[in-house]
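Hi everyone, thanks for coming. I'd like to walk you through one structure today, so let's put it up on the screen.

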Amino acid sequence: MSKKLKIVFFAGKTSAIINFNSELIKNIVDNGHEVICLGPEDDCKEKIEKLGAKYAKIQLNRNSTNPLVVLNVIKRLKKYFRDNKFDLYYGFTTVPATYGSIAAKLAGIKNIYVAITGAGKIVLPKKGIFEKFVRLVLICLYKISLSGCKKVFFLNNQNMEFFLKHKIAKQTQAVRVGGSGVNLEKFTPKPLGDRNSFLFVGSLLKLKGIMEYMEAARMVKKKYPDAEFHIVGEIDERLSAISQDELNTYVCDGTVIYHGYQTDVRPYFAQCSCFVLPSYTEGIPTCVIEAMATQRPIITTHAPGCSETIVDGEDGFLVPVGDAEALADKMIYMIEHRKDAEKMALSALERVKQNFDVRKVNEKMIKTMSLD
């Protein structure tokens with residue numbers, strides 16, 4: 001593919017294009033290709049245009065499972081893709097990887113690529129009959145969606161192995177990449193401050209472990225009242241989001257400090273002494289590798305994706321999913337063993353340089369899609 005191509009990037013949330021694909025888009029544009037970014041919100045239009053790409057808006061309900069709504073989304077996407085005669089489709093996040101890739105195939109796009117950024121609802125253990133039924137439906141949906149893809153990018157090994165084991169994707173389709181990568185010129189090392197300050201960054205979803213974070217904070221503050229627990233992120237519209245009242249319970253009693261959504265999280269990384277993400281599942285959590293690049297020790301979980309970012313005991317700690325008490329214990333360790341925390345911070349920085357440099361990640365993706 002040496003000729004100039006017309007490419008559509010589609011994300012279920014427009015901000016995800018900026019937060020996770022800015023460097024990739026810029027590199028593709030610099031290689032002479034035309035990129036149109038498709039998303040449901042237009043608040044990132046100027047940032048997208050600064051990358052040299054164009055922005056197009058599409059109405060999208062990410063949470064609806066109503067078949068008529070889903071079919072309508074696929075129909076509208078198909079029309080948009082066909083009308084604009086795209087050469088290549090790249091879908092990022094769940095809806096673009098499923099409905100979007102189906103629409104791209106129906107529209108006749110030959111070069112279809114998607115990234116599995118996280119497949120929690122499929123890979124998480126299922127107990128009840130209904131949950132198992134939902135998993136079966138999702139597996140069928142993914143099988144149909146990915147059948148027309150040239151390549152499927154996986155951010156972690158656990159998701160890739162699950163998709164291959166259940167024949168959702170073929171071995172010839174699967175490509176493992178180190179998450180979206182981190183810009184090591186933008187996220188730079190900062191010295192650890194003197195305060196015992198912990199930070200959570202992400203959508204306030206129960207699957208992100210936000211409840212465990214706040215519960216653990218409450219436990220730690222009983223022993224260390226001066227410890228600080230900061231939260232950066234928005235209350236998401238998805239079903240697993242916590243409510244404003246649930247958040248206020250911990251804010252009003254002084255357990256956590258809530259900063260809302262922030263377009264630049266670097267000052268918050270610089271002010272914390274430890275980064276915490278007790279997530280239930282991830283692709284590769286970008287916030288974790290950004291914190292590592294800022295030279296911060298990490299506490300995260302044994303969950304898919306999270307466990308591939310650090311080595312337990314070297315760059316920080318891995319704790320069991322859903323275990324607030326274990327999380328609190330490791331937070332207390334970071335407070336009481338400052339020298340160890342500093343060593344872990346240095347180790348985290350070296351690991352992110354070796355494994356998650358955005359330049360290496362993008363080089364592999366661009367070569368895979370023949371956009372070099």
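Quick bit of vocabulary before I start: two strands count as paired if DSSP finds at least two bridges between them. Also, keep in mind that this is a predicted model.

Okay, so let's use that word. Strand β5, residues 111-116, pairs with strand β6, residues 151-154, in the parallel sense, over 4 bridges. Look at Y113: its bridge partner in β6 is K151. Now β6 also pairs with β7, residues 174-176, again parallel, over 3 bridges, and there F153 stands opposite V175. Put helix α7, residues 157-165, together with β6 and β7, and you've got a right-handed β-α-β unit.

Next, an open sheet of 6 strands. The order goes β10-β9-β8-β11-β12-β13, with parallel pairing. Which strands stand at the edges? That's β10 and β13; each has a single partner strand, so one side of each is left without a neighbour in the sheet.

Let's zoom in on β11, residues 274-277, and β12, residues 298-301: they're a parallel pair with 3 bridges. L277 sits opposite T300 in β12. Helix α11, residues 286-293, packs on this sheet and touches β8, β11 and β12, and its direction makes about 170° with that of β11.

Last thing, the nonpolar core. The largest one has 89 residues, and Y90, Y213, F275 and M331 touch the most other members. Leaving aside neighbours within four places in sequence, F275 has contacts including L199, V201, C287 and I299. Apart from that core lies another, of 37 residues, with L60 and F81 among them.

That's my tour, thanks for listening!

Note on methods. Residues numbered from 1 in each chain as written. Predicted model: local features only at pLDDT ≥ 70, side-chain atom pairs only at ≥ 80, totals over all residues. Heavy atoms only, no water. Helix = DSSP H or I, 4+ residues; strand = E, 2+ residues; numbered from the N terminus. Contact = heavy atoms within 4.5 Å. Axes fitted to C-alpha atoms, helices over the stretch in contact; angles between N-to-C directions. Core = buried A, V, L, I, M, F, W, Y, C linked by side-chain atoms within 4.5 Å. Buried < 20%, exposed > 50% of the residue type's maximum accessible area, 1.4 Å probe, protein only. Right-handed = clockwise from strand over helix to strand, strands pointing away.
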